[in-house]
Amino acid sequence: MKKPFWRARWFPGFAVTLLCLLAAGSEPLSRFDWAAYDLAVSFTSSRTADDNVVIVAIDEDSLEQLGPWPWPRDRFAQLVHQLNTAKAAVVGFALPLDTAENQHGLEYLRHLQEEYTDATVREVLGRAEAGLDTDGAFGRSARKAGNVIFGMPYRFASAAPGQLPALDDTVNAYALRDVAANRPVWFDFVPSALTTRTTAADRLFPPVPAVAAGAAGIGHLNGYPLGGDSLRAVPLVLQYGERYFPSFSLLVAAHSLKLDHRALTASPGRGVTMDGTTFHTDPAMQAYPRYYRGRDDRPPFKTHSFAAVYAKEVEASEFRGKTVLVGITVPGLVDRVDTPIGEAMAPVVASAHVVSSLLNNDLVSVPAWAVWAQLAALLLVGLYLMFVLPRFRLGTGLALSVVLLFLLLNAHFLLVATQSLWLPLMVPVVALLIGVTVMALRRLVDERSNLLRGQLDLANRNLGQMLQAQGQFDPAFEKFRQCAVNESLLELLYNLGLDFERKRQFNRAVGVFNYILEHAPSFRDSRDRVRLNQEMEKMTALGKGFATNTADGTMAISYGKLQKPMLGRYQVEREIGRGAMGMVYLGRDPRIGRTVAIKTMALSQEFDDEQLAEVKARFYREAETAGRLNHPNIVTVYDVGEEQDLSYIAMDFLQGKPLSAWCRPESLLPAEKVFDIIIKVAEALDYAHQQQVVHRDIKPANIMYDEKSGTVKVTDFGVACLVDSSKTKTGTVLGSPSYMSPEQLAGKKVDGRSDLFSLGVTFFQLLTGELPFVADSLASLMYKIANEKHVDVRVLRPDLPACVSTIVNRALYKDIEKRVQSGHHLANALRRCKQQITKDH
Amino acid sequence: MESVPTLQMSGRTDVGCAREHNEDQIAWDASAGLALLADGMGGHNAGEVASALAISVLHPLLRDLPADTLEQEVGMQNAVADANREILHKAASDVVFNGMGTTLALALFRGKGVMIGHVGDSRVYRLRSDRLMQLTADHSLLQELVAGGFMSADEAAQAVNKNVITRALGIEPNVDVEVHHHEIEPGDIYLLCSDGLNDMVTDNSIAKLLMDNRDNLETAADALVAEANRCGGNDNISVILVRVVALKE
């Protein structure tokens with residue numbers, strides 16, 4: 001059985017996988033990756049931070065003791081001096097230093113110094129200038145220390161930057177000289193932060209030149225939460241125009257190891273190499289630092305208040321050989337940044353974490369093949385959803401899926417924890433979750449709908465069978481078509497096809513058998529049946545096409561392998577004659593094994609639609625009346641019915657022949673036998689007339705006579721009325737009116753006496769072999785019947801007694817009132833007359 | 001019989017003035033609604049034998065015929081055929097009876113009608129109010145000449161060989177009785193007579209005599225016979241009178 005591809009079992013898995021592939025890299029899916037990353041990083045945050053990193057915090061205490069921010073920069077000069085004295089390894093200022101201090105006063109002093117040449121004045125002014133030139137003091141102090149790194153904030157270039165402001169040479173000096181060829185990366189894959197482009201800035205805010213002059217290094221400050229909503233990734237290298245700048249943290253780390261920016265080599269898309277050590281980054285040159293948690297309620301990094309250090313309250317030994325980071329921690333002055341471990345921290349603290357990660361080589365790396373791993377995992381999940389999951393039952397499938405999910409998540413966590421490798425596997429995980437859910441739901445819905453479908457199937461099937469039993473084959477077929485096809489339904493359909501065949505509805509039968517073949521190309525002999533029925537249909541069509549007689553309810557009978565045709569509940573065995581309006585068949589009632597004669601009438605061919613209903617109603621009324629007749633000399637009517645456009649009457653199947661076989665002069669019956677026959681017919685008519693049933697078509701052909709047993713039966717009661725009324729349609733009388741009474745010919749009301757006239761004609765013909773009224777044309781025949789006296793019977797049969805003439809004459813009276821009035825009287829007269837024959841012969 | 005109307009009947013048969021034997025035979029049965037009249041012929045008393053035989057055969061056959069006119073007709077035909085057969089049989093049995101035969105007039109009353117049959121020149125008349133009507137046409141050469149238009153009724157009355165009949169019982173194997181059905185009315189008087197009456201007495205005289213004796217069939221019958229004898233009485237004279245008193249539904 002063919003299903004559309006979207007009904008296939010593999011389709012949901014395929015669809016989910018494809019959707020996830022397309023949605024990968026979009027914001028919602030990235031969130032999953034970030035969340036998983038955060039979780040993994042949090043689990044591994046118990047690593048210890050590098051204890052060489054010390055923070056000097058400009059905290060609230062410092063502001064309280066030293067005055068509000070901003071401070072004069074000579075305090076930093078002082079701090080640098082102190083730390084230098086304490087032999088700190090590196091001092092990094094994670095502060096924005098891009099604005100000059102006291103610019104107006106200083107400029108004015110410098111102006112005055114140029115005006116005055118007096119040494120004393122110049123000295124005073126020089127001291128004043130030195131006092132006021134805090135930036136210069138800071139710069140000089142830093143230069144003297146030689147290990148001070150400054151940070152510079154930057155503005156993130158969201159679009160490709162146009163013309164960039166030129167930078168001071170002091171800043172440009174720190175651009176990386178050694179940048180490996182920027183390898184193009186053609187793919188752009190998940191998650192969205194893992195962009196292929198190196199993080200770029202369209203604006204840098206370096207320290208003022210006076211300060212910058214004393215720097216051992218200037219690097220960009222990481223203050224911006226890149227990669228989602230927290231500081232998961234930090235760019236180790238920042239692109240500004242064609243230059244690449246190392247980050248503040250990287251420079252600090254380098255200097256901690258007695259290296260400087262010249263030792264750094266950037267390989268865009270892969271990472272940064274520093275003296276043999278490679279810091280792996282994602283394609284955007286972003287590193288994934290670790291964040292450390294403190295132990296036993298202590299922060300991960302030793303932190304001193306600026307004020308305490310400034311007041312020399314901190315032992316100098318605290319800073320010996322340490323990497324000191326200076327920055328603001330007062331919440332109001334800096335924006336805290338979120339971190340993957342869930343703690344918001346001041347930028348300087350975050351920088352400490354990054355530096356520590358670099359120094360410990362604790363970075364979580366995203367390998368270049370992460371994308372492929374991701375793709376492979378997604379493919380794996382897709383294949384699993386498409387081909388593995390559908391094979392299992394729901395429970396098993398779910399268990400299996402949980403295992404797979406566990407494996408994926410574990411791979412993810414374990415890689416981060418043990419290998420410091422991050423593979424963003426959440427898209428496959430999501431695909432797996434959605435896929436399993438969808439398929440499970442689909443299974444549930446399927447089971448439910450299968451149950452319903454099963455019930456509906458059963459109902460339709462039962463209904464179809466009932467309809468079929470009632471002979472309503474077309475609706476039955478319709479019902480069966482709504483059922484799911486299986487072996488037993490095919491059986492039912494096959495039987496329905498045979499039924500159609502029996503009812504001579506060949507094209508319908510072809511339809512049914514073809515339907516069977518659609519589903520089962522070799523079901524029994526369906527193929528042969530289609531062919532047979534098509535041939536039959538063709539024959540029937542041809543027969544109709546060439547039929548000259550419109551009223552020909554003919555049924556083809558013998559066609560080899562075809563099912564015996566059915567009329568109502570009767571099996572049609574063979575053709576036994578031709579009636580006024582259709583064929584007569586020998587039929588059999590299979591239920592009680594009764595043999596019947598079935599007289600058919602193609603009423604719908606005979607009458608137009610307007611008349612049809614009325615004619616049918618009358619047909620059934622008359623047939624019902626005829627059916628009530630119960631007389632030894634009247635054929636028994638068992639059943640009337642309709643089959644397609646064929647009306648039929650099922651009646652006693654009689655032995656013998658119609659009297660028309662003895663109507664020629666050379667084949668006459670002995671007069672006595674004729675008398676016996678006519679007496680019986682007269683009695684039968686008398687009985688029928690008493691039941692108010694008029695035959696209307698008494699003639700030798702409608703009287704069956706069995707010579708052996710002498711049985712006489714009048715047939716076709718209630719049928720002639722139809723022949724009669726067909727006059728209105730064609731305007732002609734069907735058949736010969738030779739047996740009709742004058743009043744019947746005139747279209748007047750007929751009663752039993754009209755039947756007696758017809759019987760008189762029959763009597764005459766049986767005795768003489770000739771008709772009493774003969775003419776060349778129909779018109780003159782009708783005239784003769786209505787007006788002329790017939791030839792005396794005894795002119796033709798002088799051997800017969802006078803009473804024969806009397807009886808014939810009385811039966812053939814034109815005047816219905818003078819005619820013999822009842823079949824009974826006729827029979828009595830005949831009996832009397834018959835005595836004369838016996839006496840004479 | 002229940003279908004027989006209420007009737008009064010009377011009859012006379014007389015040898016006449018010229019003959020030695022009365023060859024006529026009459027029979028009536030008011031309760032059966034049947035009146036029979038036969039006029040025999042043939043020498044050596046053979047005519048008497050034939051007419052008597054006819055009446056004796058016919059009477060039991062006709063007496064019980066039903067009301068249906070067809071059955072009556074057929075029954076009448078059968079009865080006449082039987083009588084004919086008997087006479088022929090008798091005639092063949094003895095040379096004395098050779099050539100004997102008889103005419104026939106019969107009336108069978110049922111319901112509202114009467115079935116009248118006749119063979120030969122015996123007649124049936126009907127008097128309704130003051131009009132006498134002959135209901136039968138003689139099976140005679142004369143009558144057939146008249147019917148064929150060869151002779152007028154007046155010429156026929158003057159004809160010599162009035163008594164040549166064309167149809168009679170005992171002559172041929174088959175004899176057809178002419179049968180007609182007539183409606184009856186209360187007060188109708190039906191007269192069955194042999195040619196001994198109507199050859200002697202004119203229809204007008206018959207009518208007058210009947211009307212004069214309307215109330216008494218006996219006197220009427222006597223008057224008719226007397227009038228025929230008065231006029232010559234050349235042949236046997238027989239009459240049967242039937243008066244319809246009431247019809248039967």
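## A tour from helix α1 outward

Select A:Pro12, A:Gly13, A:Val16, A:Thr17 and A:Cys20: these residues of α1(A) are buried. Look down the axis of α1(A). The buried residues fall within an arc of 130°, so they line one face of the helix. The general rule is that an α-helix has 3.6 residues a turn, so residues three or four places apart point the same way. Keep in mind throughout that this model is predicted.

Now show the whole helix, residues 11-23 of chain A. α1 has 13 residues. Its first and last C-alpha atoms are 18 Å apart, close to the 18 Å expected at 1.5 Å a residue.

What covers the buried residues of α1(A)? The cover includes α13 (370-388) and α15 (426-469) of chain A. Select both helices next.

α13(A) and α15(A) pack with their axes 8 Å apart, at an angle of about 10°. An angle under 35 degrees counts as roughly parallel, so that is the label for α13(A) and α15(A).

Show the side chains along this contact. From α13(A), pick A:Gln374, A:Ala377, A:Leu378, A:Val381, A:Gly382 and A:Leu385. On α15(A), they meet A:Val427, A:Pro428, A:Ala431, A:Leu432, A:Gly435 and A:Met439. Colour the contact by class: 9 residues are nonpolar, 3 are polar and none is charged.

Move to A:Asn172, in helix α8 (residues 169-172) of chain A. Is A:Asn172 buried or exposed? A:Asn172 has 14 C-beta neighbours inside 10 Å, so A:Asn172 counts as partly exposed. Buried would take 20 or more, exposed 12 or fewer. Beyond its neighbours within four places in sequence, A:Asn172 is in contact with A:Leu167 and A:Arg243. Add A:Ile218 and draw a C-alpha to C-alpha distance: 9.2 Å from A:Asn172, across 46 residues of sequence.

Zoom out to all of chain A. Chain A has 841 residues, and 43% of them count as buried. Its secondary structure comes to 30 helices and 27 strands. Turn to the contacts in chain A with a separation of 6 or more: 73% are between residues 24 or more positions apart.

Last stop: chain B. Here 16 residues of chain A are in contact with 11 residues of chain B. Select α29 (802-811) and α30 (823-840) of chain A; each supplies at least two residues of the side that touches chain B. The largest share of that side, 9 residues, comes from α30(A). By class, the side of chain A that touches chain B has 8 nonpolar, 5 polar and 3 charged residues.

Key
Residues numbered from 1 in each chain as written. Chains lettered and ligands numbered in written order. Predicted model: local features only at pLDDT ≥ 70, side-chain atom pairs only at ≥ 80, totals over all residues. Contact = placed C-beta atoms within 7 Å. Helix = DSSP H or I, 4+ residues; strand = E, 2+ residues; numbered from the N terminus. Nonpolar A, V, L, I, M, F, W, Y, C, P; charged D, E, K, R; others polar. Expected span 1.5 Å × (residues − 1). Arc of directions from axis to C-beta. Axes fitted to C-alpha atoms, helices over the stretch in contact; angles between N-to-C directions. Parallel < 35°, antiparallel > 145°, perpendicular 65-115°, else oblique.
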